[in-house]
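Please look through the sequence and the model below before reading on. The paragraphs that follow begin with a single charged side chain and then widen to the chain as a whole.

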Amino acid sequence: MQNYKKKFNYQLSIINYLLSLSPMKIFTGAQIHELDQYTIDHEPIASIDLMERAAKAIARTICEQWPNTTPVVVFAGPGNNGGDALAVARIMAAANYDVSAYLFNISGRLSGDCAANRQRLLDSKQVKNFVEVTQEFEPPQLDGQTLVIDGLFGSGLNKPLAGGFASLVKYINASPARVVSIDLPSGLMSEDNSYNVRANIIRADLTLTLQHQKLSFFFPENQQFIGKLRVLDIRLSAEGIEKTDAQYNLIEETDIRPLLLERDTFAHKGNMGHALLIAGSYGMAGAAVLAAKACLRAGAGKVTVHSPKRNNMILQVSVPEAVVQLDQDDTIFSQAVDTEDYNALGIGPGLGQSETTSIALIAQLRRSTCPIVADADALNMLANHRAWLMQLPKGIILTPHPKEFDRLESRSADSYERLTKGRELAERLQGYVILKGHYSALCCPDGHVMFNSTGNAGMATAGSGDVLTGIITALLARGYKQREACMLGMYLHGLSGDIAARHLGMESLIASDLIQYLPQAFMRLND
């Protein structure tokens, strides 16, 4: 009866959580345009006034960082991004900045709000130098003291820059001037940059994006263009944001706290979950040790490690809290084991890729009745036998780093293509795929993607993935459903890394430090 009540209360908490959940949404360029229009229609507010609101937020942020002795050069395109830039030029000129503004009107077609802000700028008569470029353009001198405000193109861009705009971008990038981009660096598209020309994208020192981060900001190859990032609230309609379904979301602390299960006062190891880890070929016992320690630190009541005979002494000494179950082979995992007595299975860290182990792996995955986390060599063996992917049980969790994923699903040209393939794989398997990286991405069976907001570059160290496997396996054993275990596991893993980096620095961080600071991560979320 007590177990039934606990299960009911947990399910009720998940229902309440899902009803109240509102992660930070990541919208496409088309959705951003729709949200602008929704705000205009329902606030209501004129589009030119919404642009003024955005421009004031941008100008205020720039003025806080650069004094009015800084010479400013504004480059404005013909669309609404250019309208923002012209409004910023006018506001900063009114604040006694020395501003030169260049409006590129090559086609003779400006957006309505861009044209209106051109007239406002002319009427103000405070901008030192205003040039409307219709044909030939003589670029201004850009020295190390100059601040360039890039308002050429924003989230509406759907093709690579070419011609004169590409030449201007290269000129700006080659200069020593500091660059602030409005919404996105010009030339960078909101989502897919697979076929973009990277030489024709502004390399900003600071990007001031409006209301929400853009999907392309989460990909490592685009960080060179973004520089430092600030998200500015321009008060787009909260109702519109709530109503708009986003396929991509960013997990933050407020989304994670409601997920945490409360530990029962009368809890004992028997009802706190029994996790099985199949890990560590001979010579790779360290992977099993890291996964086991992380699993115990993440709250599993009992952890059993199945490993080759020659790893026995290492495991017994390194992780005395774990039960060691020895394989019949001295050096490899050779035969599937019964999982009836376990609440979760983590398999793969340090396992090796022998053909005997491969056969044992697929047999294990087929016969296991508990939730599964497959990582590292488990993924590499599946990549070597890709027909086995369709035999994986529903709800399985795969945790590949980029190279492991590329082996599974063929090489991707960039992170956007890899993410698209990850979503497709999760839907096809009806499982969960965590694409590990600075912003680890959880691809769910329903097509939604959850980016993790914790973690740092110091975690790029051997064994970090083994720790994540241990954490998620423990959470599954504790009773979390797959989606919640993945979200919480990613967040805790990154948070413990952030805490470790604050104490130790990123250069010196090693995987075992993540385990050491995992308790502090839990305490932070329980405060």
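D327 is buried (under 20% relative accessible area, with exposed meaning over 50% and partly exposed in between, for a 1.4 Å probe and protein chains only), yet D327 has no salt bridge, and the nearest side chain of opposite charge, K309, is 7.7 Å away. A salt bridge here is a side-chain nitrogen of Lys or Arg within 4 Å of a carboxyl oxygen of Asp or Glu, and Lys and Arg count as positive while Asp and Glu count as negative, with His and the chain ends not counted.

The model is predicted, so local features need pLDDT of at least 70 and side-chain atom pairs count only at pLDDT 80 or more, whereas totals for chains, interfaces and linings use all residues. Residues are numbered from 1 along each chain as its sequence is written, and side-chain values use heavy atoms, with hydrogens and water left out.

D327 is found in the loop between β12 (323-326) and β13 (344-347), where helices (H or I, at least four residues) and strands (E, at least two) are DSSP runs numbered from the N terminus. A polar atom of the D327 side chain lies 2.8 Å from the backbone nitrogen of D329. When residues up to four places away in sequence are not counted, D327 touches H306, S307, P308, K309, I332, F333, S334 and Q335, a contact being heavy atoms within 4.5 Å.

The wider setting is the protein chain, whose secondary structure comes to 19 helices and 18 strands. Its C-alpha trace spans about 85 × 45 × 40 Å along the principal axes, and of its 527 residues 57% are buried. Among the contacts with a separation of 6 or more, 74% are made by residues 24 or more positions apart.

A second place to visit is helix α14 (residues 402-409), which holds L408. L408 has a relative accessible area of 0% and is therefore buried, and the buried residues of α14 are E404, F405, D406, L408 and E409. These buried residues pack against α13, α15 (415-429) and β16 (432-435). L408 itself touches L379, L382, A383, R386 and L389, leaving out residues up to four places away in sequence; L379 is 29 residues from L408 in sequence, but their C-alpha atoms are 7.3 Å apart in space.

From the side of helix α13 (residues 377-384), where A383 is found, the packing can be followed in the other direction. A383 counts as buried because its relative accessibility is 12%, and beyond its neighbours within four places in sequence A383 is in contact with R407 and L408. A383 and F405 are 22 residues apart in sequence and 8.5 Å apart in space, C-alpha to C-alpha.

The backbone deserves a look as well. Most residues other than glycine have a negative phi, and most peptide bonds are trans. A376, in the loop between β14 (372-374) and α13, is not a glycine, yet has a positive phi of about 50 degrees; at 12% relative accessibility, A376 counts as buried. Q430, found in the loop between α15 and β16, also has a positive phi, near 55 degrees, but Q430 counts as partly exposed because its relative accessibility is 36%. Just after α14, S410 takes a positive phi of about 80 degrees. Elsewhere, the peptide bond from E43 to P44 is cis, with omega near -20 degrees, and P44 lies in the loop between α2 (29-42) and α3 (47-65).

Key: A polar contact is a pair of N or O atoms within 3.5 Å; within protein, one must be able to donate a hydrogen and the other to accept it, and residues adjacent in sequence count only if both atoms are side-chain atoms.
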